[in-house]
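Trainee: I want to understand how the labels on this model are earned. Can we go through them one at a time?

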Amino acid sequence: MDRQLLPVLLLLLLGASGLQGQGQGPERPSEDLLEDAPGEEVPQEDGILVLNHRTLGLALREHPALLVEFYAPWCGHCKALAPEYIKAAALLAAESATVMLAKVDGPAEPELTEEFGVTEYPTLKFFRDGNRTHPEEYTGPREAKGIAEWLKRRVGSSATRLEDEEGARALMDAGDVVVIGFFQDLQDKDVATFLALARDALDVTFGFTDRPQLFQKFGLSKDTVVLFKKFDEGRADFPVEEELGLDLGDLSRFLVIHSMHLVTEFNSQTSRRIFSAKILNHLLLFVNQTLASHRELLAGFREAAPPLRGQVLFVVVDVAANNDHVLRYFGLKAEEAPTLRLVNIETTKKYAPTGGGPISSASVAAFCQTVLSGELKPYFLSQEVPPDWDQRPVKTLVGKNFEQVAFDETKNVFVKFYAPWCSHCREMAPAWEALAEKYRNHEDIIIAELDATANELEAFAVPGFPTLKYFPAGQDRKIMEYKGSRDLESFSKFLDSGGELPAEEPTAPFQVCTLSRVPGPGRFPSRQG
């Protein structure tokens with residue numbers, strides 16, 4: 001054998017043995033060798049690392065605390081997050097925080113999206129100490145200060161240790177809501193539970209102490225978590241049960257309930273707290289705050305709130321402010337104020353009072369009780385049925401004719417649920433029109449569409465756009481969700497096979513425009529995709 005070929009053969013053999021190790025786990029030897037290449041640097045844009053499958057490992061080794069955003073160039077939510085993400089990076093850099101922000105173009109890096117289970121954009125994951133296998137899901141706000149605070153509470157202390165009254169008073173003066181944990185033994189596991197909760201309650205300032213003089217100053221004789229606030233009753237206590245200890249879920253619910261005002265006015269500053277409150281029923285009073293007769297109703301509304309605290313969240317919506325999207329969500333017009341509506345944020349069912357009497361403390365309480373007891377039925381929004389709803393190849397459905405058409409026992413009905421502002425809906429519109437034209441002479445097939453922002457259905461909710469559902473003929477009212485490719489060929493195969501999905505599945509996370517990620521009144525269209 002030619003001796004000049006020996007080095008080449010050795011390299012090929014080494015390369016082959018390296019390839020055999022791929023797929024055995026998150027460690028990929030051949031890629032790690034590339035990442036360890038001397039002098040290689042990770043590029044940055046606006047103070048944010050730009051990562052790919054080669055450089056992620058390098059970034060994890062260089063930065064013990066790393067937040068990575070998986071984004072898609074076409075994603076509206078990603079575009080909205082981008083400037084806040086840049087500001088957050090600047091805030092952290094200015095404070096010399098030991099945490100770095102990074103981003104990955106998900107569609108361009110399918111290996112990484114698969115490795116980390118990315119199914120929607122944006123997805124953010126927090127990596128600690130180079131641990132690639134168990135990143136923490138980012139669950140914080142999507143504005144700069146919130147992102148920075150979420151990270152700082154993970155790389156630093158989430159609460160201030162208090163040694164004297166002066167420190168306690170200074171902390172209490174720092175915010176509208178301050179929570180202090182009074183623990184006789186700081187080594188107790190209850191303290192760890194308290195600090196864990198403090199990491200995520202970003203709107204609240206936390207402190208803790210074991211000083212006897214502070215127990216005495218605030219009238220305490222046993223371990224207690226105290227919420228101090230500059231509104232309503234001023235203070236709420238959560239005693240720690242000696243035998244059971246501090247329960248994270250119970251404490252979290254206590255803090256959410258008592259950190260909210262008894263009555264909160266809806267606006268851009270309060271909306272996130274309203275939507276994230278762990279109270280399922282939201283009661284909304286729609287008033288015109290420019291009218292004295294409407295403002296007079298607020299006292300009775302507030303009077304009804306204390307007995308229902310924790311069960312019903314009381315919210316005031318000013319129809320004279322920029323709240324048209326709230327009115328649309330409930331099917332209201334500004335001139336219908338003053339009026340009440342209640343929504344359950346888990347089921348998204350809406351309720352309206354009957355009778356039309358005056359709004360008072362008694363009528364508000366009675367309305368809430370009829371909903372909570374199940375006596376009152378919800379209402380569902382619907383447009384009027386257009387006279388020509390069935391004249392085009394694509395039939396027009398609304399709430400009032402949906403049941404009759406979709407569950408027709410003699411028809412196979414394929415429905416697109418869309419939003420007028422949804423870019424993905426517009427992109428697939430030509431294929432949907434072509435599909436309807438192709439099957440217009442098939443008497444047993446109906447291709448239809450429904451504007452899900454203006455029509456609601458009792459049978460199910462529509463979480464994103466476009467949502468495609470197939471209702472096969474028959475008496476069993478079967479519903480199948482279509483998740484294949486959005487093109488004429490795939491749609492046709494689906495119909496011709498009687499509702500079987502094509503063999504080819506989408507390789508990227510499914511592209512949809514979504515309502516706000518927060519339920520309830522937060523589910524106003526975000527106009528993002």
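Trainee: What makes the charged end of Lys469 count as sitting over the ring of Phe460?

Mentor: Remember that this is a predicted model. The charged end of Lys469 is 4.9 Å from the ring centre of Phe460. The distance cut-off is 6 Å, and the charge must also lie within 35 degrees of the ring normal. Lys469 is listed as sitting over that ring. Arg477 likewise lies over the face of Phe407, at 3.8 Å from the ring centre.

Trainee: Why is Arg477 called partly exposed?

Mentor: Its relative accessible area is 44%. Buried is under 20% and exposed is over 50%. The value falls in between, so Arg477 is partly exposed.

Trainee: What is notable about the phi of Arg477?

Mentor: It is positive, about 50 degrees, although Arg477 is not a glycine. Most residues other than glycine have a negative phi. Arg477 is in the loop between strand 21 and strand 22. Asp232 also has a positive phi of about 50 degrees and is not a glycine. Asp232 is in the loop between strand 10 and strand 11.

Trainee: Now the aromatic pairs. How many are there in the whole structure?

Mentor: A search finds 32. One of them is Phe116 with Phe127, at 5.4 Å centre to centre and 80 degrees between the planes.

Trainee: Why is the pair of Phe116 and Phe127 called edge-to-face?

Mentor: Centres must lie within 6.5 Å, and planes over 60 degrees apart count as edge-to-face. The pair has 5.4 Å and 80 degrees, so the label fits. Phe116 is in the loop between helix 5 and strand 5, and Phe127 is in strand 5.

Trainee: How do you know whether Phe116 and Phe127 are buried or exposed?

Mentor: Phe116 has 8% relative accessibility, and Phe127 has 0%. The limit for buried is under 20%, so both residues count as buried.

Trainee: What makes Trp432 and Phe491 an edge-to-face pair?

Mentor: Their centres are 5.3 Å apart and their planes are at 85 degrees, so the pair is edge-to-face. Trp432 is in helix 17 and Phe491 is in helix 18, 59 residues apart. Both are buried. Ring pairs also link them with Phe414, Tyr470, Tyr482 and Phe494 into a cluster.

Trainee: What caps the N-terminal end of helix 18?

Mentor: Asp487 does. One of its side-chain oxygens lies 3.2 Å from the backbone nitrogen of Glu489. The cut-off for a polar contact is 3.5 Å.

Terms used
Residues are numbered from 1 along each chain as its sequence is written. This is a predicted model: local features need pLDDT of at least 70, side-chain atom pairs count only at pLDDT 80 or more; totals for chains, interfaces and linings use all residues. Side-chain values use heavy atoms; hydrogens and water are left out. Rings of Phe, Tyr and Trp (its six-membered ring) pair if their centres lie within 6.5 Å; planes under 30 degrees apart count as stacked, over 60 as edge-to-face and the rest as tilted. Helices (H or I, at least four residues) and strands (E, at least two) are DSSP runs, numbered from the N terminus. Buried means under 20% relative accessible area, exposed over 50%, partly exposed in between (1.4 Å probe, protein chains only). A polar contact is a pair of N or O atoms within 3.5 Å; within protein, one must be able to donate a hydrogen and the other to accept it, and residues adjacent in sequence count only if both atoms are side-chain atoms.
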